[in-house]
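Biologist: Hello! I am new to this structure and would like a close look at a single part of it. Could you walk me through it once it is in front of us?

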Amino acid sequence: MEAVAFFLGAIGALGGAVAVVTLRNPFYAVLALVVHLVFLAGIFLLLRAQFLAAAQIIVYAGAVMVIYVFVAAYVGGVEEPSWDASPELKVIGPLMAGALFVAISIAVIGSSLTALGTGGPEKLADDFGTPAGVGMAMLEDFLLPFEAASLLLMLAAVAAVILAGRKRRGKEDPA
């Protein structure tokens with residue numbers, strides 16, 4: 001039963017993720033991202049990480065997505081023509097996507113597949129999935145990836161603001 005729930009959650013999460021990148025309307029893309037995050041929270045529940053599931057729903061699907069909906073409503077762009085990338089970006093974009101795919105594939109094949117087919121750890125720590133356990137793991141064991149993810153999110157937010165600014169300037173000055 002857990003395997004069926006896991007695969008249903010994985011299919012829902014993948015469907016939401018594909019919808020995020022394929023939908024042209026930013027509002028519907030944000031709603032698809034909420035669907036993706038809800039399915040991810042379900043997978044966290046299956047993995048006995050209740051705190052992460054609750055944080056996923058409350059913080060990301062709740063608060064962050066509301067902000068994204070406001071940004072999508074403010075920026076708009078539903079009827080605007082799509083952005084025409086420069087020739088350099090048309091080459092660099094697929095190369096970076098391919099490099100990311102290779103890196104993720106190496107990471108998944110190299111480490112995670114050893115856990116498939118096993119029942120998982122015999123006994124979990126007493127604080128597994130609790131706020132204290134998650135906080136200790138993030139700040140002691142995974143501090144560098146945690147900070148790298150924070151920096152990446154900040155860069156994405158700054159890039160979004162810059163792209164929105166260019167778009168608005170382009171509207172005001174048609175030359």
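Which residues make the nonpolar surface patch of about 430 Å²?

Modeller: Happy to help, and please keep in mind that this is a predicted model. The patch you ask about is formed by Val 38, Ile 57, Ile 58, Val 59 and Tyr 60. Helix 3 is the main contributor, giving the most to the patch with 4 residues.

Let me start with Tyr 60, which sits in helix 3. Its relative accessibility is 39%, so Tyr 60 counts as partly exposed, because that label covers values from the 20% limit for buried up to the 50% limit for exposed.

Now step along to Gln 56, which also has its place in helix 3. Is Gln 56 buried or exposed? Gln 56 is buried, because its relative accessible area of 9% falls under the 20% cut-off. Leaving aside residues up to four places away in sequence, Gln 56 touches Leu 37, Leu 40, Ala 41, Phe 44 and Ala 61.

That list brings us to helix 2, which runs over residues 26–46. The buried residues of helix 2 are Ala 29, Val 30, Ala 32, His 36, Leu 37, Ala 41 and Ile 43. Two names there, Leu 37 and Ala 41, may look familiar, since both are buried in helix 2 and both touch Gln 56. A general point helps when reading such a list: an α-helix has 3.6 residues a turn, so residues three or four places apart point the same way. The length of helix 2 can be checked too. With 1.5 Å a residue, its 21 residues should span 30 Å, and the C-alpha atoms at its ends are 30 Å apart, so the two values agree.

What joins these two helices? Between helix 2 (26–46) and helix 3 (50–75) there is a loop, and Arg 48 lies in it. Arg 48 is not a glycine, yet it has a positive phi of about 65°. This turn of the backbone comes just after helix 2. Why is that worth a look? Most residues other than glycine have a negative phi. As for its surroundings, Arg 48 is partly exposed, with a relative accessible area of 49%.

To place this part in its setting, here is the whole chain. The protein chain has 6 helices and 0 strands, and reading along the sequence gives the pattern α-α-α-α-α-α. Of its 175 residues, 12% are buried. The chain exposes about 13,300 Å², with 75% of that supplied by carbon and sulfur atoms. Among contacts with a separation of 6 or more, 63% are between residues 24 or more positions apart.

Two further spots round off the tour. A search of the whole structure finds 1 aromatic pair. The pair is Phe 6 and Phe 7, whose ring centres are 5.6 Å apart and whose planes meet at 80°, so the pair is edge-to-face. Phe 6 is partly exposed at 34% relative accessible area, whereas Phe 7 is exposed at 52%. The other spot is Lys 90, in helix 4 (residues 87–111). Lys 90 is partly exposed at 49% relative accessibility, and it touches Asp 84 and Ala 85, not counting residues up to four places away in sequence.

Back at your patch, then, the picture is this: Val 38, Ile 57, Ile 58, Val 59 and Tyr 60 make a nonpolar surface, while Gln 56 is buried.

Note on methods
Residues are numbered from 1 along each chain as its sequence is written. This is a predicted model: local features need pLDDT of at least 70, side-chain atom pairs count only at pLDDT 80 or more; totals for chains, interfaces and linings use all residues. Side-chain values use heavy atoms; hydrogens and water are left out. Buried means under 20% relative accessible area, exposed over 50%, partly exposed in between (1.4 Å probe, protein chains only). Patches are made of residues with over 30% relative accessible area and no salt bridge: like charges are joined within 9 Å, nonpolar side chains (Val, Leu, Ile, Met, Phe, Trp, Tyr) within 5 Å. Accessible areas come from the Shrake-Rupley method with a 1.4 Å probe; for residues, only the protein chains shown count as cover. A salt bridge is a side-chain nitrogen of Lys or Arg within 4 Å of a carboxyl oxygen of Asp or Glu. Contact means heavy atoms within 4.5 Å. Rings of Phe, Tyr and Trp (its six-membered ring) pair if their centres lie within 6.5 Å; planes under 30 degrees apart count as stacked, over 60 as edge-to-face and the rest as tilted. The expected span of a helix is 1.5 Å times one less than its number of residues.
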